[in-house]
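Visitor: I would like to learn how to read a few features of a model. Please take them one at a time.

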Amino acid sequence: MIELRKTTLKYQRGPGVYDINFTIGAGELVFLVGPSGAGKTTLLKLMYADLLPQEGEVEVNGFITSHMRSKSIPHLRRTLGLVFQDFRLLPDRNAYDNIALPLHILGLQRKDIRERTYAALDDVGLIDRAHHYPRELSGGEQQRVGIARAIVKNPITILADEPTGNLDAGNSMETLDLLTYLANENGSTVIIATHDYSIVSKKRGRLIEINEGRLLD
Amino acid sequence: MIGKLAFLISEGLRSLWRARLPALGSILTITLTLTLFGGAYLIFGNFDRATRRLQSQYRIDVFFKPILTNGEAFQKYQLLTAVEGISSTEFISKERAASIFKREFGEDVVTVLGTNPLPAGAIVLVARGHRTARRINRIADDIATIDGVTDVAYRGELVRILERYIRIAVYGGLILGIVALLGAIFLVSNTIKLSIYAKRDTIDTLHLLGATRSFVRLPFLIEGVLQGIIGSLLAVGAILGMLDVMNYILEHFVLYRLIRPAFLALFLGTMGLLLGLIGSSRGVGRFINS
């Protein structure tokens with residue numbers, strides 16, 4: 001479960017987010033929509049504790065970030081699967097190694113890592129591209145690797161920040177379908193931040209709209 | 001846990017390989033540093049052995065008044081045992097002195113002069129803890145105060161010269177070693193900083209994936225330690241090579257061979273490891289904490 005209670009974060013320059021209140025239940029699919037600069041990324045960053053609220057509270061999967069010690073942040077993030085617009089793949093590692101990384105961080109056995117990584121590669125249809133480096137993959141393929149990396153550890157919640165922002169229309173729908181399908185299989189809560197209303201209209205999910213740092217009714 | 005450690009070690013190796021050019025600079029500096037320290041250690045190790053071989057340099061010859069008979073001289077000789085810093089003594093009778101004279105100069109003094117004018121004497125060996133020029137001087141002064149002693153002879157100048165050169169070599173090696181040590185720490189630390197800077201996006205991503213600070217730091221520390229270990233192995237090789245060359249040169253001039261001090265490899269290996277660890281901790285600490 002994710003709950004933001006009267007959450008405010010102001011930047012010294014530019015808008016922040018103000019007095020945000022919402023609750024997202026387990027297994028929900030939520031679209032966080034709004035134009036560029038509306039505060040979507042800030043809200044996601046508050047959820048994965050890259051930013052801490054100045055006022056109010058953010059509770060994610062049982063962790064209240066405003067009361068957390070910095071040492072606990074990795075434990076919160078291990079319950080999350082993060083997907084980024086720019087994929088954030090490590091360029092010196094192939095698709096297999098990129099996907100296996102969260103499992104190494106969790107300290108899993110080599111055999112488990114191998115099984116789960118190949119399963120994730122299979123899920124995103126990239127089993128034959130396992131040993132390709134990011135530079136050898138198309139944008140859509142790179143994002144599929146990013147999704148596999150988020151899904152591989154069976155996270156409680158998936159946070160996706162503009163996951164289709166760097167993809168063409170065909171790849172965007174495909175990526176979104178894959179992300180929502182795998183999350184649903186896994187029972188994960190999914191929050192997708194996007195400025196693209198056309199994508200949202202094609203999927204069934206809850207809509208949270210934000211503009212200039214404030215939620216719209 | 002073992003799987004995680006193996007992964008982090010492989011990350012350290014990967015990181016070292018990626019930054020192999022700057023790492024080479026650090027490794028060579030570590031090699032130079034440890035070669036200087038190893039050289040000083042080598043001198044220390046051989047100094048003790050050399051001094052044992054040059055024991056005659058720590059010998060004091062005592063001469064009693066010629067008018068004293070062997071019996072009277074022996075009574076005075078027994079007073080030597082009260083002098084502090086002496087390990088052993090040997091009485092030299094007038095007759096023994098004559099036979100030594102004959103052996104060294106080929107002449108029988110009694111036949112030549114018709115009488116033995118040589119005084120009785122003693123050979124005094126200085127105890128180990130007192131084998132410095134200053135202490136030997138003091139022992140000689142103490143012996144000279146014994147009634148009946150006319151002369152005290154020892155090779156004080158040689159002892160002093162020997163001490164001086166050994167001190168210069170050891171202190172010089174240590175001072176150069178300390179300067180090089182600071183340089184090596186600085187270089188290792190900078191190499192690690194460069195490595196971290198080049199991987200800042202990777203570090204950010206690792207943090208976002210739930211990596212703890214130690215998970216992120218450990219590969220860099222391993223990278224530094226590996227630099228230290230490789231540097232120390234090269235230093236051990238360099239010192240052993242130098243030892244061979246020096247022994248090759250020495251055997252043409254003197255019957256003396258330098259020995260390899262015990263634990264040389266262990267000493268340098270430990271120093272290399274610490275050097276790498278301190279250097280990388282500095283780099284990692286400042287960068288990743290911030």
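**Cavity, helix and core**

Guide: This is a predicted model. Start with the largest cavity, whose lining consists of Arg93(A), Leu101(A), Phe7(B), Glu11(B), Lys199(B), Thr202(B), Ile203(B), Leu206(B), Phe215(B), Val216(B), Pro219(B) and Phe220(B).

Visitor: Which elements give two or more residues to that lining?

Guide: They are α1 (2-18), α8 (200-208) and α9 (213-250), which belong to chain B. The largest share, four residues, is supplied by α9(B).

Visitor: How much space lies in the largest cavity, and how many cavities of 30 Å³ or more are there?

Guide: The space comes to about 80 Å³. The count at 30 Å³ or more is one cavity.

Visitor: Now a helix. How should I read the pattern of residues along α4(A)?

Guide: An α-helix has 3.6 residues a turn, so residues three or four places apart point the same way. In this case, α4(A) covers residues 110-123, 14 residues in total, and its first and last C-alpha atoms are 20 Å apart, close to the 20 Å expected at 1.5 Å a residue. Its buried residues are Ile113(A), Thr117(A), Ala120(A) and Leu121(A). These lie on the same side of α4(A), because the arc they cover around the axis is only 100°.

Visitor: What covers the buried residues of α4(A), and what phi does Gly125(A) take just after the helix?

Guide: The cover includes α3 (95-106) and α5 (139-151) of chain A. As for Gly125(A), its phi is positive, about 70°.

Visitor: What is the general idea behind a nonpolar core?

Guide: In soluble globular proteins, nonpolar side chains tend to be buried together. Here the largest nonpolar core has 38 residues, and Ile147(A) and Ile192(A) have the most contacts inside it. Elements of chain A that each supply at least two residues of this core include α3, α4, α5 and β8 (189-194). The largest share, six residues, is that of α6(A).

Visitor: Which residues is Ile147(A) in contact with, leaving aside its neighbours within four places in sequence?

Guide: Ile147(A) contacts Val83(A), Val124(A), Thr175(A), Leu178(A), Leu179(A) and Leu182(A). Apart from the largest core lies another, of 33 residues, including Phe37(B), Val188(B), Ile196(B) and Val236(B).

Visitor: And chain A as a whole: how many helices and strands does it have?

Guide: Chain A has seven helices and 10 strands. Of its 217 residues, 53% count as buried. Among its contacts with a separation of 6 or more, 70% are between residues 24 or more positions apart.

Technical notes:
Residues numbered from 1 in each chain as written. Chains lettered and ligands numbered in written order. Heavy atoms only, no water. Expected span 1.5 Å × (residues − 1). Buried < 20%, exposed > 50% of the residue type's maximum accessible area, 1.4 Å probe, protein only. Arc of directions from axis to C-beta. Contact = heavy atoms within 4.5 Å. Core = buried A, V, L, I, M, F, W, Y, C linked by side-chain atoms within 4.5 Å. 1 Å grid on protein atoms, 1.4 Å probe; cavity = no way out; pocket = protein on both sides within 12 Å on 5 of 7 lines; lining within 4 Å. Points joined across faces, edges and corners; volume = space filled by probe spheres on them.
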